[in-house]
Amino acid sequence: MIAERVSRLGTETAFLVSAEAAAFAAQGNKVYPFHLGDMNLPTPSNVLEAGIKAMRDGHTNYCPNAGVARLREVLADDISASRKVAYSMENVAIQPGGKPTISKFFLTMMNPGDEVLYPNPGYPIYESQIEFHGGKAVPYGYIESEDNFEIDTDMLAAQITPRTKLLVLNDLQNPTGAECSDQELARIAELVLKHDLYVLCDEAYFDIRYAGKSKSLVALPGMRERCVILHTFSKKFAMTGWRLGATIGPKEIIDVIIKLNVNEESCSNHFVQYAAIEGLTGDQTETLQLLDTLKERRDTTVDLLNSIEGIGCIRPNATFYLWPNVTGAMQKTGLTDYNDFRQTVLKETGVSFCTRLHFGRPLEGEQNYYIRMAYSGIDIPEIKEGLAKFKKFLAG
Ligand code: PLP
């Protein structure tokens, strides 16, 4: 009854963790939700009001397949300024979220049997969509350094074959919080040119940063024509449930993506696009306050995690994820299985998190154990209370 390709469709197993945490809470237990990639912060009020006004103004019908012209213009300006690369509205296709860019990119760029390099640990939808559309997903890993996770560019280079066509780069990464150095970006650009690759630059977290400035691969020589950017309004404006994002890239690619829009959803929500215009062009006070809140949560979480024996946690400058190394802590509990560890901690303390297993199959030779703690959906008093219980549990 069901088509053969569906056997290759993956999922986000992190949603199963949410379901387990919800079931545990329904039994009357307190849960500390570090598993959520969602946000418990309100959309800035000026953005919200612009969306409501647009509805009242009657923007409740279809709009152009590529998106509202004014939004495409202001987004092209925003991306051009932040990436230091010139884009215009014809390089922008508005999408119902960041995620749709992933499947549309593969549908546009990948032939069956093509090999695609993707990050592992990484956002699980890449592997799912590559395999679903008949490609071969080839993982590359990360190496922990003193204050960052670096792409294992030697491994990445070694995986390239004559069949390799595409690369997925999630700089400012989910789940590790990793950020590419200039050297990493230069090495990747060199490999892309040498092997004639095209790149999906998933920049969902480009604007979620607390110090320094985000950089994009597209700014390097020769990259603008080879990169397609996944953009989303979900994170910067706390709009995860509004569903709005965009694909940005060379016009020939964007024209195909717009045709896919026609086929898949006709257009993204019309009135929501006016909220995004306000987000990009209006008052930034509340939008910037979101970052202040997230930064405080990051520091509280990192400091408390690092006070626990057996846990080491890097403090990333971007994203709202942490990827603590829990090898020592797991050893202390005697639990060697990720799921046992996660479920035992939930049961004993209410602290809920995802593990390495939710972000791809562990690669050969991996020796350390990691969990992912997201602080986008939990307030500081809960962070403190939950991690105090976690610490007490691990102290035995
Ligand atoms: N890419 C990455 C790396 C993500 O973490 C997410 C969401 O968590 C997305 C894309 C999808 O974003 P959206 O919720 O806007 O579809």
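1. A good place to start is strand 9, where C227, I229 and H231 point one way, V228, L230 and T232 point the other way, and all are buried (under 20% relative accessible area with a 1.4 Å probe, protein chains only; exposed is over 50%, partly exposed in between). The strand spans residues 227-232, and 6 of its 6 residues are buried. Helices (H or I, at least four residues) and strands (E, at least two) are DSSP runs, numbered from the N terminus.

2. Please keep in mind that this is a predicted model: local features need pLDDT of at least 70, side-chain atom pairs count only at pLDDT 80 or more, and totals for chains, interfaces and linings use all residues. Residues are numbered from 1 along each chain as its sequence is written, and side-chain values use heavy atoms, without hydrogens and water.

3. Now for the neighbours of strand 9. Strand 8 (residues 198-202) runs parallel to it, joined by 4 bridges (pairing takes at least two DSSP bridges), with V199 opposite C227. Strand 10 (residues 245-248) pairs with strand 9 in the antiparallel sense, also over 4 bridges, and there I248 is the bridge partner of I229.

4. The largest nonpolar core (buried Ala, Val, Leu, Ile, Met, Phe, Trp, Tyr and Cys residues joined through side-chain atoms within 4.5 Å) has 63 residues, and F34, F320 and F390 are among those with the most contacts inside it. Helix 10 (residues 285-306) gives the largest share, 5 residues. Another core, of 57 residues, lies apart from it and includes V138 and L217.

5. Do look at F390: leaving aside neighbours within four places in sequence, its contacts (heavy atoms within 4.5 Å) include L305, F341 and F353.
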